[in-house]
Amino acid sequence: MPLHHQPTRSAAHPVMIRVLHWVWVYAIGCMVFSGWQIYNASPSLPFSFPRWTGLGRWLGGALAWHFSAMWLLALSGIAYLAYGFTSGHFRRDFGIPTPRAVSRDLWSALTFRLGHRLGHYNAVQRLLYLGVIGALLAQVATGVAIWKPVQLGALLSLFGGYPSARNIHLTIMFLIVAFTIVHVVLVAIFPRTLVSMIVGTPAEPKDRT
Amino acid sequence: MNGPRRLPVVKFQDIKPELRQLQRRAFLRTALSLGGLALLTGCDLSTNSGVDAALKSILRFDDKVQAALFSRRCLAQTYPPSAVTRPFRFNAFYPEWQVRGVPEGWRLEVAGSVSEKTPWTIAALRNLPQVEQITRHICIEGWSQIGRWSGVPLRAFLQRIGADLRAPFVSFRCFDGYSTSIDMASALHPQTILALDFDGQPLAAEWGAPVRLRIPTKLGFKSAKNLQAIEVTRIFPGGFWENQGYDWFSGL
């Protein structure tokens, strides 16, 4: 009887991460585009977002989307943090990179010599992912502060009062959108990463010979 | 003699390319509309679609969360007189030139679950205890401004008219066609007042003469101007904007 003792390599992205990733695409998409529609009701900067990008068609509709999708974002965020800490995902993949590793990987990235191994994060990736996780946490905090500026007055004062918190909320949105653009461009350069975020592509060995 | 005027005949074949182009453009716009993440661009609370129904039920859930977060002891931040925004921005569901003057023989009517239903004159309201506040008025659109109002605490007024303080809703009807309603807990909050003065002067027409609600624990559209009647009720009253889709609680 033939025995199958082939060593199985674990997926580059566990199923939990793959599911959460696509939940976020939807939830953050809803938050950003309804947010643009809300911003357009009273722009605090001398520009508006193009009307066709808005979600909800008018302020009331956009707020309904924003205050609905926020639950999806919050719940999936909590699930991710719980998973990240308990599964060892944070410890294994998101150790804070040293400045030397960042400058080394950034240099190889800019000179197109940085290899990409499915299932492993180089220093630049770590920095970007840690950054966007921090930005999302700050975005939830500023969002909650301008949602409940009286009941959560202490949180609001952390961001310098209502108008200031509103501007920080807008600024972080731009950072998250900027991350998303870089992220999508990199996926376009390495299309197999898109496949690995949908089906359980096995992780690649860390060092290829 | 002239024959009947012939209308130019346009055959489908003649405009087919143009039609197709228009069609393609419309399709492209739908596809591009990033709001259409799942072809949901049409969902804006104005239809009876399943998505709109889901959004509305989540808003009702949000209202419960907001009511649970609300604390009667938690006060809105107050500011020094120097922080008052000048000039103060006018806002209503109509432009400023349509502001209505106080009707002849105006009285503030009270209705619903109250034991004393005599209408109130301004003089009678001024005889009640007065409080002043300098607070931030935050509009649902995102802008905000700091103003100074004084008047009768709504709590004192409701007690005075023998209102049933266990009734869940207090509703406000205005003589400019506006209406809104709030929960009883927020109505009894110490900073919820029937404002008679704005910035040290009796309310001018554009600021809600002769009496308006001022409630700094809720979004601006809840601070109804030009009041005509107050009703304490057990039946959900809705309101001008609330009926169109703004979330009812709208607490800050």
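Modeller: Two residues are in contact if their C-beta atoms, placed from the backbone, lie within 7 Å. The model is predicted: local features need pLDDT of at least 70, side-chain atom pairs count only at pLDDT 80 or more, and totals for chains, interfaces and linings use all residues. Residues are numbered from 1 along each chain as its sequence is written, and chains are lettered from A and ligands numbered from 1 in the order in which they are written.

Colleague: Which element of chain B gives the most to the side of chain B that touches chain A?

Modeller: The two chains meet through 32 residues of chain B, which are in contact with 31 residues of chain A. On the side of chain B, helix 1 (12–32), helix 2 and strand 2 (131–138) each supply at least two residues; helices (H or I, at least four residues) and strands (E, at least two) are DSSP runs, numbered from the N terminus. With five residues, the element that gives the most is helix 2 of chain B.

Colleague: How many helices does chain A contain?

Modeller: The C-alpha trace of chain A spans about 70 × 45 × 35 Å along its principal axes. Read along the sequence, the chain follows the pattern α-α-α-α-α-α-α-α. Strands number zero in chain A, and the number of helices is eight.

Colleague: What percentage of contacts in chain A between residues at least 6 apart in sequence join residues at least 24 apart?

Modeller: Of the 209 residues of chain A, 25% count as buried, that is, with 20 or more other C-beta atoms within 10 Å of their own (exposed: 12 or fewer; partly exposed: in between; C-beta atoms placed from the backbone). Among contacts between residues at least 6 apart in chain A, the share joining residues at least 24 apart is 62%.

Colleague: Is A101(A) buried or partly exposed?

Modeller: A101(A) belongs to helix 4 (residues 99–110) of chain A. Its C-alpha atom is separated by 8.2 Å from that of V124(A), which is 23 residues away along the chain. Because 16 other C-beta atoms lie within 10 Å, A101(A) is partly exposed.

Colleague: Which helix supplies the largest share of the side of domain 1 of chain A that touches domain 2 of chain A?

Modeller: Chain A is divided into domain 1 (13–70) and domain 2 (94–198), with bounds from an automatic or database domain assignment. The C-alpha centres of these two domains lie 17 Å apart. Nine residues of domain 1 are in contact with ten residues of domain 2. Six residues, the largest share of the side of domain 1, come from helix 1 of chain A.

Colleague: Which element of chain B gives two or more residues to the largest nonpolar core?

Modeller: A nonpolar core is a set of buried Ala, Val, Leu, Ile, Met, Phe, Trp, Tyr and Cys residues joined through C-beta atoms within 7 Å. The largest has 39 residues, and those with the most contacts inside it are C30(A), M31(A), A64(A), W65(A) and A69(A). Chain A gives two or more residues from each of helix 1 (15–41), helix 2 (59–87), helix 5 (123–147) and helix 7 (162–189), and chain B does so from helix 2 (50–69).

Colleague: How many residues does the second, separate core have?

Modeller: The largest core draws at least three residues from each of domain 1 and domain 2 of chain A. The second core is separate and includes C174(B), I182(B), L196(B) and V232(B); its residues number 29.

Colleague: Which residues, leaving aside neighbours within four places in sequence, are in contact with M31(A)?

Modeller: M31(A) is among the residues with the most contacts inside the largest core. Beyond its sequence neighbours within four places, its partners are H66(A), A69(A), M70(A) and L73(A).

Colleague: Which strands stand at the edges of the open sheet of chain B?

Modeller: This sheet has four strands in the order 1-9-4-5, with mixed pairing; two strands pair if DSSP finds at least two bridges between them. Strand 1 runs parallel to strand 9 (residues 227–233), joined by four bridges, and E109(B) stands opposite A229(B). Each edge strand has a single partner, so one side is left without a neighbour in the sheet; the edges are strand 1 (109–112) and strand 5 (179–183).

Colleague: What is the bridge partner of V152(B) in strand 6 of chain B?

Modeller: Strand 3 (residues 144–153) of chain B is mostly covered, with seven of its ten residues buried. Strand 3 pairs in the antiparallel sense with strand 2 over eight bridges and with strand 6 (residues 193–198) over five. In strand 6, the partner of V152(B) is L194(B).

Colleague: What is the phi of G142(B)?

Modeller: Strand 2 and strand 3 of chain B form a hairpin with five residues between them. Across this pairing, I134(B) has R148(B) as its bridge partner. G142(B) lies in the turn, and its phi is positive, about 115 degrees.
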